[in-house]
Amino acid sequence: MLRALIPLRQRFGCLFSSSGRRKAYTPPPPCLRVSPTISQLSKRCAHVQPAMSPGADGAVPSFDISKKFGNFDLVRRFKLDFSDVEVSKWKSRTTGLTVVHLDYEAPIVNGYFVVATEIFDDSGCPHTLEHLVFMGSEQYKYKGIIDHLANRGFSNGTNAWTDTDHTAYTVSTAGEQGFLQLLPIYLDHILYPTLTKAGFVTEVHHINGEGHDSGVVYSEMQGRENTSGDLMALKMQRLLNPPGSAYRSETGGLMEALRVLTIEQIRQYHGTYYVPHNISLIVCGKLSSGTTSLLKLIEEQVEPRIADHGQNQGVKPPGWKRPFVETKSAERTGIKENVKETVEFPEKDESVGEVMINYMGPKPNAFLERNALDILSTYLTSSPVAPLNKEYIETESPLCTYIYFGEDTHATYVDLPVYVGSVPTEHIDTFGERLRSSFKRIAENGFDMERMSMVINRDERQFRSKLESDKGDTFSGSVMTDFLYGKEDASELLPAMDEINYYNILKKWTNAEWVDLLQKYYIDPPSVTVIGKPSADMADKLETDEKVRIAAQKEKLSPQGLWQKAKELEDAKAEHDKPIPDHILTAFPVPDVKSISWITVKSVQESGKGRAPAKFEADPELVRHVGKDGEELPFFVQYDHVQSDFVTIHAFFSLADLPNRLRPYLSVYLASFFSLPIKRSTGEELSHEEVVNRLDDETVSYEANLGTAIPSGFPELLRVSIKTEVGMYEKAVAWLKDLLYGSQFDKERVQVTVAKILQSLPELKRDGNTVLTSFYTDLLYNESSSTRAGALLAQMEFIPKIAQQLQESPEAVTNDFEELRKYIIEPSGIRFSVSGNILGLRKPRDVWRKHFGSAISEMPLAPIKLTSESLSDVGKNPVERAVIVSLPTIESSFVMQTTKGIQGFAHPEYPALRVAMEVLNATESYLWRYIRGSGLAYGAYVSADIESGFISFSLYRSSNVIQGFEQAAKVVRGLVDGSIELPLTTIDAAKSSIVYGVAKAVSTASRAAAVSFSNQALKGLPQDSNVKLLEKYQAVTKDDVLASLKKYFLSLFDASSSVAVIATAPGKVDSISEDLSKLGFQVEKRTLQVDPEDMEDVMDVDGSESGSEESEENDDSR
């Protein structure tokens, strides 16, 4: 699991948006994969050096000096012929440590340190060990010191995740200096952690003085174990893999197992798997001295420590078995017969469930087939006109709301899971059989080869776009998988990365080859199906059983035992609270900001003819380029040039004057934006299928949503974004015009969108974050807030009503959408952005005149409406209110507590406030130590919404809300009154961590351009204001930080000046309510209810046609 705190879902924007990204639902992204045969690819790449392979005895053959560096032998080196990425893989012949460097220009250096972790039970040793690694090491014994040092080195702390077959430790720094300083210290933590009993008590599991179980890991798994996804995944693992296989295990640890786990078990596990020959260090980014500086550092500072521990036993010590590859886990016999089993998950609303179907895929190194399967899944599900979407989703009575084809790389062969969401329970038992029948029908009818060609070409464009944005993330998964399952001579690494050659081969495939692929993997072989059914009885039973278990635990422990448990926890916390001496921290120098390489953005802002000129200086070269392309336009356009093969246009539309009654319609409008029939400016009429196909053929991606994406904010602006190759610029502008002005609100298409949203509501209300955010916006914002109108609560009321209205008076609904459009395209509220390779555009300005010149008249530009203008009475005066929402699908709690803060993007107190927040939030800083470190929550943090004027405190997956609140209050009050020390080293680390945040925000060309537009066009700030703020952060003093804490954060923990919203398990509502009342809050208890019978009534509509929205891909990790 991610060790870093997982923030609340984006608070701005509707629940439902529309985009042209590929997948409608994205679990952790599968590794990139590629290629025909290895020999073919090796011949294609001119810069490939041969491999080093150990002999049967583990010895390594000798090489000439060009293939050696000290103890390291070059395993393989190559440069990708479609990118500037050069890859070199090295292995130490003395310790077996593997080092892979992906060398390319970038301001951020990323490290992924991977351990192959195999476990044959549900104890959770891999996951708990991942957490304990950060509690100190032999050389650096202080808890959390690794993160204190990382924060000083232009990072935002370290991170890690545990998956079924590996644990990965990560760090990212702005520039290389901090990265290279931190690397030996990080490896000391991984190889030689302290693994103390005190660390186990706080980080893994303990029983507090009240008899309740807690701990960071325990809180995390408590929030996951009984969710539909986890229950179904574990059942699938058990069905797919034979006894004795590590693939059957819950590596996170089941709560029952965590309650009896011991530190001795974890120590034993560490000694077995955390050995140098089972670790790969993957480094992505530019090192000024090249790969040799990395190898030299490891040889001089890391390998001597390994030798001191007697672990310098070569590439493959006697008796060592490579996890998963040379153990019983590799004995995967495949699926012998069709299997179907059902698991229940707790949910009061029993109207919809979930389905997971698993097929046996090809071998891990069958790169061509794996990539073909990826393209096949895109063809089947990527858009409203995709065959499976048309049949199952794009109807007025959907059989599900998404179908997602995944891939899990394992030994012997890969698994091909299919995830299906929000399936009506009356169809859930037969869904698998129906899906197989659909596969057969598609095979019999053959593939639309014209559309298949479009799918492949678009996939290639998206890959190139991703590669341009983040080369490290693009390839890190492939390198990890090669370490886990690839040949030890790395001969499969290039084939796993050479993506472009795979596209070239598949473009030549015939219909027969695609039919054979579908037949081979999805039609002929048997499959395993796991059905997830919601159960109200299970929700009640879990609540009752937990109360009984806790009562029995208290009785068994007795008052004396409870006192002992409380003392054990306090002693553990005291051991961790030992301060880190300043001289240790200051010995780790803070890098120079000048060492960071910033991406250049050239800007020109044109406010529009007759309007006040832009107040910021424009780039002369760009002024000349744009200026020679005809006269000035009558509307707002900002051009931001960066080095890129692509160009993105964004259109922003003010919602300030939109009538409140129309705001709930925004969800349906956005969800259907790219899948309605349109009449083009040329007079051509296109069906919704033609619209989708042409958009996919001519763009890289498209999206409609509320607010800006990077950085997030401004939800009172509706945004439409289209990304294309430079040569398709004019077509993108033409599409934007026709989608805005020419879309037809066809009754059947609108019904399809409404039906899909309606069916997704039960699943949405199972998520603690979604529910918390909805009640939060409902409390603090009024009816003029588009955020509130698009949140879950408002949509639960609105969507059934519009579904009914579409049956009874569809004309009225159409009229409402026409009125909505009229307000959206009001000329005074329109702003356009063009970013990317502007200097490569032949006519950057004239295409806008051609397509929008007659549509947007000359008039003054209206100011941007901010969220602070849509506050409710409670939002204007947030005092004494608390809302507690009962949610049967969660066992831990989610909290957001809010008070008034600063408002305005150039507020003079912002630098001090920002440093104060980082002081509190930084990994292993105060909130981390006092709350997460005490096992009270998986995450705790403060945040500032300077658009609305709020400061908030949040708890994520909390096991004890009140104690978490009390500890946060203790921290802030203690810092202010001096009872808790605030060292200058902590402030220095906070400032350095902010540097990383600023650098990360502009670390790619597209991000830098987006920030340039947001600063100048929306915030009224200079283009580089983020970077210039670094000087103001450095000038913030200790007194400034304490003053900010006193002025803005003390009020967070006082009922007379704050409000709280909490989503929690039903069994915790009464106790939390009682405690909040004692603190002075007026408590309101709420529940979420959806009547399944009412939903069936509004979903029972006649007719069927297709249409869909696609949600934006995300990069969330497991």
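This passage describes selected features of a predicted model, from its annotated domains to individual residues.

Two spans carry domain annotations in the UniProt record. In an unreviewed entry, residues 122-204 are annotated as "domain: Peptidase M16 N-terminal". Helix makes up 46% of this span and strand 20%, and its end C-alpha atoms are 14 Å apart. The annotation "domain: Peptidase M16 C-terminal", also from an unreviewed entry according to UniProt, is placed at residues 261-457. Here the helix content is 38% and the strand content 19%, with a distance of 51 Å between the end C-alpha atoms.

The largest nonpolar core contains 93 residues, and Y639 and W848 have the most contacts inside it. Helix α29, residues 792-808, supplies the largest share of this core, namely eight residues. At least three residues of the core come from each of domain 3 (602-867) and domain 4 (877-1094). Apart from this core lies another one of 79 residues, which includes L80, V85, C284 and Y379.

The surroundings of W848 can be listed in full. With residues up to four places away in sequence not counted, W848 touches L633, F635, Y639, I649, Y729, V733, L736, F832, V834 and G853. Of these contacts, Y729, V733 and L736 are buried residues of helix α25. This helix spans residues 729-741, 13 residues in total. From its first C-alpha to its last, α25 reaches 19 Å, close to the 18 Å expected at 1.5 Å a residue. Helix α25 is mostly covered, with ten of its 13 residues buried. Besides the residues that touch W848, the buried positions of α25 include A732, A734, W735, K737, D738, L739 and L740.

A second group of features concerns strand β29 and its partners. Strand β29, residues 950-958, is largely enclosed by the rest of the structure, because nine of its nine residues are buried. Strand β27 (residues 893-900) runs antiparallel to β29 and is joined to it by seven bridges. Strand β28 (residues 937-945) is also antiparallel to β29, and eight bridges join the pair. S952 of β29 is the bridge partner of T898, and S952 is likewise the bridge partner of S943. Strands β28 and β29 form a hairpin with four residues between them. In the turn of this hairpin, G949 has a positive phi of about 90°.

Individual residues in helices and strands vary in their exposure. T986 is located in helix α36, residues 984-1001. T986 counts as buried because its relative accessibility is 14%, under the 20% limit. Leaving out residues up to four places away in sequence, T986 touches V919, S925 and Y926. K876, in contrast, counts as exposed at 54% relative accessibility. K876 belongs to helix α32, residues 873-876. Its contacts, apart from neighbours within four places in sequence, are L871 and K900. K876 and L780 are 96 residues apart along the chain, and their C-alpha atoms are separated by 7.8 Å. R77 is found in strand β4, residues 72-79. With a relative accessible area of 21%, R77 is partly exposed. The C-alpha atoms of R77 and L239 are separated by 40 Å, the two residues being 162 places apart along the chain.

Several loops hold backbone geometry of note. Most residues other than glycine have a negative phi, and most peptide bonds are trans. The peptide bond from I710 to P711 is cis, with omega near -15°. P711 lies in the loop between β23 (701-708) and β24 (713-725). T412, a residue other than glycine, has a positive phi near 75°. The loop that holds T412 runs between β15 (402-405) and β16 (415-424). T412 counts as partly exposed, at 35% relative accessibility. For A490, also a residue other than glycine, phi is positive and near 60°. A490 is in the loop between α16 (471-485) and α17 (493-497). The relative accessibility of A490 is 0%, so this residue counts as buried.

Conventions:
Residues numbered from 1 in each chain as written. Predicted model: local features only at pLDDT ≥ 70, side-chain atom pairs only at ≥ 80, totals over all residues. Heavy atoms only, no water. UniProt positions renumbered as here; feature names shortened; annotations may be inferred. Helix = DSSP H or I, 4+ residues; strand = E, 2+ residues; numbered from the N terminus. Expected span 1.5 Å × (residues − 1). Buried < 20%, exposed > 50% of the residue type's maximum accessible area, 1.4 Å probe, protein only. Core = buried A, V, L, I, M, F, W, Y, C linked by side-chain atoms within 4.5 Å. Domains from an automatic or database assignment. Contact = heavy atoms within 4.5 Å. Pairing = 2+ DSSP bridges.
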